[in-house]
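Work through the exercises below with the structure open. Try each task before reading its solution.

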Amino acid sequence: MGETEQRPTAGSRLGAQENAGISTLEHGQKPPMTPPGKLVSIKIQMLDDTQETFDVPQRAPGKVLHDAVCNHLNLVEGDYFGLEFPDHKKMMVWLDLLKPVMKQIRRPKHVVVKFVVKFFPPDHAQLQEELTRYLFALQVKQDLAQGRLTCNDTSTALLISHIVQSEIGDFDETIDREHLAKNKYIPQQEALEDKIMEFHRNHMGQTPAESDFQLLEIARRLEMYGIRLHPAKDREGTKINLAVANTGILVFQGHTKINAFNWAKVRKLSFKRKRFLIKLRPDVNSSFQDTLEFLMASRDFCKSFWKICVEHHAFFRLFEEPKPKPKPVLFSRGSSFRFSGRTQKQVLDYVKEGGHKKVQFERKHSKIRSIRSLTTQPSEQHTEVPKQSSSFAYGDDNDAAAVQSCRQGKELKASTEDTGQNKSPSLKKSPKEGRKVDGAVVSTVEEEEEASKDRIQQNRPQSQQPSTGSLTGSPHLSELSINSQGGPSVVNMSLSPNLSPDAKQSSPLISPLLNDPSCIRTEEEEEVRRKRFPTEKAYFIAKEVATTERTYLKDLEVITSWFQSAVSKEDCMPEALKNLIFSNFEPLHKFHTSFLKEIEQRLALWEGRSNAHIKGDYQRIGDVMLKNIQSMKQLAIHLWKHNEILMELENGIKNSRKLETFCRDFELQKVCYLPLNTFLLRPLHRLMHYKQIMERLCKHYPPAHVDFRDSRAALAEISEMVAQLHGNMIKMENFQKLHELKKDLIGIDNLVIPGREFIRLGSLSKLSGKGLQQRMFFLFNDILLYTSRGLTASNQFKVHGHLPLYGMTIEESEEEWGVPHCLTLRGQQQSIIVAASTRSEMDKWTEDIQMAIDLAEKSSGPAPELLASSPPDNKSPDETTVDQESEDDLSASRTSLERQSPHRGNTTVHVCWHRNTSVSMIDFSIAVENQLSGNLLRKFKNSNGWQKLWVVFTNFCMFFYKSHQDNHPLASLPLLGYSLTIPSESENIHKDYVFKLHFKSHVYYFRAESEYTFERWMEVIRSATSSASRTRALSHKEPHAY
């Protein structure tokens, strides 16, 4: 008996599993009811020109058919697509997802429904999935062939060159001519063939995913991209065409746009018979009448266009699907039509939260394989897959360089049998992304959480299997790079804005050290260890001195050892600057090395780990602190020099490109886990920590305690030093923060000027003609900047505009614009509307902006025109002039991206961008005071054992080490946006001193060794997870002079 041959389907050609799919519904939402009954076959024409047949019940709503197609393709972002078919009057209409299919498609046997792109986002970088971008690229190819996407010859040739690159690979003149002869992308293609091949020659090494990305980058700037023209007449009877886009309603004469009505200007859309009506918001500066009227061919044409407008407005402008209106009891007036499905914001949030699994796919028209479906040689040393973070990636969406690795695992087996065959390829799950944090190869605990689930399989001996490797999110990453030792090698990459889960930069290797099962303690071992050591609070306060001193010493070694060693190998720093830095840091390092040794010796005596068993004399720490703080006073001359060190280093970087490059490269090293200038301020911060520790010790001791007198004397000494250096430290923190922000911004040259003070940064949505657009705002005491994350390799934030605070007013405007948590900022020359993510975020911004306005009114601070390189202030609110590029720029975009340098991707700015939150200077100051180090036991939500790790908390982030002796962190967890709670009874965490961190679907448990350390960890982490309200205003009487 012969086996029946299975017919390849469109879904399998795209790489879809036959019985697996991903719903486009929100998590927890039930799919629409599928009524039982007779099945009807519907023919669907896919974007790759193949046809598929789907059987749906007669009474099933349109959403059942739409979901069936999306599931068949394993398409996560199916909400951008729609089903289009000719109705009984041969007019092309969209399938209504709420109405039964059979009431719309009357004769299904004679109708072919087309699966096409319905909603074209303003930026293709908002498309998270490579498969989605591939389908969009197919739509562009189809629109070119059908004459819908019109453009000049240069743009046409450039578009086709990227299509050819994705289909046949690198340029070969003979192959190119044969391919172009067989494939007609546009009518009269012959005249452009030489220009197409000329452009194609420049795309060497570009992968299909990169080609799709570049194709969409060019197409989105064309006037006719995503436009479907609807014939109409104006009041004078002039023939025009109407169209709808993400920005609003457009008016064309022929193929030339002559007018546009942004959603922000439109008050109401309606139709009356053949008349389409647009009611505008009143505007004294506008020459338009209140209501515009257009005449269309028929009522059906008019209603069809009105529906499309309603859907586009809802998809791009609303936060969530509009609720259905209650049915009238007696009479109905007007149409009951409403948008059904997720809005774009809901789609982006869904993918950001990681509510899906990555899938691989094959390209029907491509003769080369996407890197996602190629197999690589197995690595002997690295057996773990980089797992992408669903929250933020200094990594997942981060910038800098990408690090990748391969893992052996059954879920990543490549089917070598099908490699050279034409039958439907089996779907392979995608490997996860690697990520680089501040240049260090580290992983986030989100990644390790998933990795821990596979720990049993990892511990078993496995045969080597080929595995796939790719960074699924970044279209600019050309190939997997593995070095000769089997370890990761750095690949230069460029990241796109808003690619939150998918293209959030590279995700780091999961450290084999962090996942080593041997470091998981048994409960018996832990209990025995606990009983051996003292339990009094004073002991744990003394232990905190030791644990934080270890971290401080490591931070000093970043300068005295690692930085000094790197400087000695490069002739990039003036001798005077070298002497200034190292002559002041080396004495500090020498002193604190001796100090730490003395503290550890005292703790050893306290714990009874030495031969000296005399108890009382050694169960104290005040005497050691007093002795060393008095000695520290002799080093005050070096501490006063830190102001000069920081300023001279920044001046040197400003004046020397070589030194700037050197410092930037050093920041990408593993040991430099924080910005370099942060380490220069560490000695000043350490004094504050000593003061806080001695305050807690004095508060704990009764006056009669043997250690109270020394502790109080030590507190007095350190308080005097802090008071002397405090004013200088505040100025330096502001100076350091301005320079750190300068690295994250492009489009502004003179951010750091005398008198300017940083107040708050964070993510807000700005209302423009394109709808609500995520922007990063930076508030200073004289000006407010707003930026977006640029499409560059460095992933810096591009300044879009600025508003001087002098004369500005701020008011809530939720009711006026219908947007929650909305504020209107009215400047003297420009007004903008912004929306915060929550009410509390809005209150923080309102408070800080109002305070900054008050300061600007009272102060004669820096003038706004000092922002010489910023965009002009007279830009219109819809920002239509932003990010315009010429065709020459576009054709050279890839080359220019490759020339750019990598940039740190886990800065606080990027964390706020991805977690949609904000941080003030007060929060930074509190973070400086709330630093902590020590051992914690960590447990994932779905794991059983507790893993002992050395944890350093600083800069709103937890850094994880195997032990305190390690030179660099193995993983990190930024805590902005996380919630800190105590586990509930239902979570079955039957241990003492456990706290819980959770953000969306990520849950981690940490266990401290004592009540004191538990309370301390809770205290410092709470300072990062919940921003402080403003308790003090920045002084405008004493501006910072640099």
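**Exercise 1.** How many bridges join strand β1 to strand β5, and do the two run parallel or antiparallel?

Solution. The model is predicted. Take β1 at residues 39–45 and β5 at residues 112–117. They are joined by 3 bridges and run parallel. For one pairing, start at K43: its bridge partner in β5 is V112.

**Exercise 2.** Give the strand order of the open sheet and find its edges.

Solution. The sheet has 5 strands, ordered β2-β1-β5-β3-β4. Its pairing is mixed. Now look for strands with a single partner: these are β2 (51–57) and β4 (92–94). Each therefore has one side without a neighbour in the sheet. From one strand to the next, the twist averages 35°.

**Exercise 3.** Which strands does helix α2 touch, and which does helix α4 touch?

Solution. Begin with α2, residues 62–73: it packs on the sheet and touches β1, β2, β3 (81–86) and β5. The direction of α2 makes about 135° with that of β2. Next, α4 covers residues 130–146 and also packs on the sheet, touching β3 and β5. The direction of α4 makes about 110° with that of β5.

**Exercise 4.** Classify the crossing of helices α14 and α28, then describe their contact.

Solution. Helix α14 spans residues 537–569, and α28 spans 1011–1025. Their axes come within 9 Å and cross at roughly 50°. That angle makes α14 oblique to α28. On the α14 side, K537, F540, I541 and E544 take part; they meet Y1012, T1013 and R1016 of α28. Sorted by type, the contact residues are 3 nonpolar, 1 polar and 3 charged.

Terms used
Residues are numbered from 1 along each chain as its sequence is written. This is a predicted model: local features need pLDDT of at least 70, side-chain atom pairs count only at pLDDT 80 or more; totals for chains, interfaces and linings use all residues. Side-chain values use heavy atoms; hydrogens and water are left out. Axes are lines fitted to C-alpha atoms, for helices over the stretch in contact, and angles run from 0 to 180 degrees between N-to-C directions. Helices (H or I, at least four residues) and strands (E, at least two) are DSSP runs, numbered from the N terminus. Angles under 35 degrees count as roughly parallel, over 145 as roughly antiparallel, 65 to 115 as roughly perpendicular and the rest as oblique. Contact means heavy atoms within 4.5 Å. Ala, Val, Leu, Ile, Met, Phe, Trp, Tyr, Cys and Pro count as nonpolar, Asp, Glu, Lys and Arg as charged, and the others, Gly among them, as polar. Two strands pair if DSSP finds at least two bridges between them.
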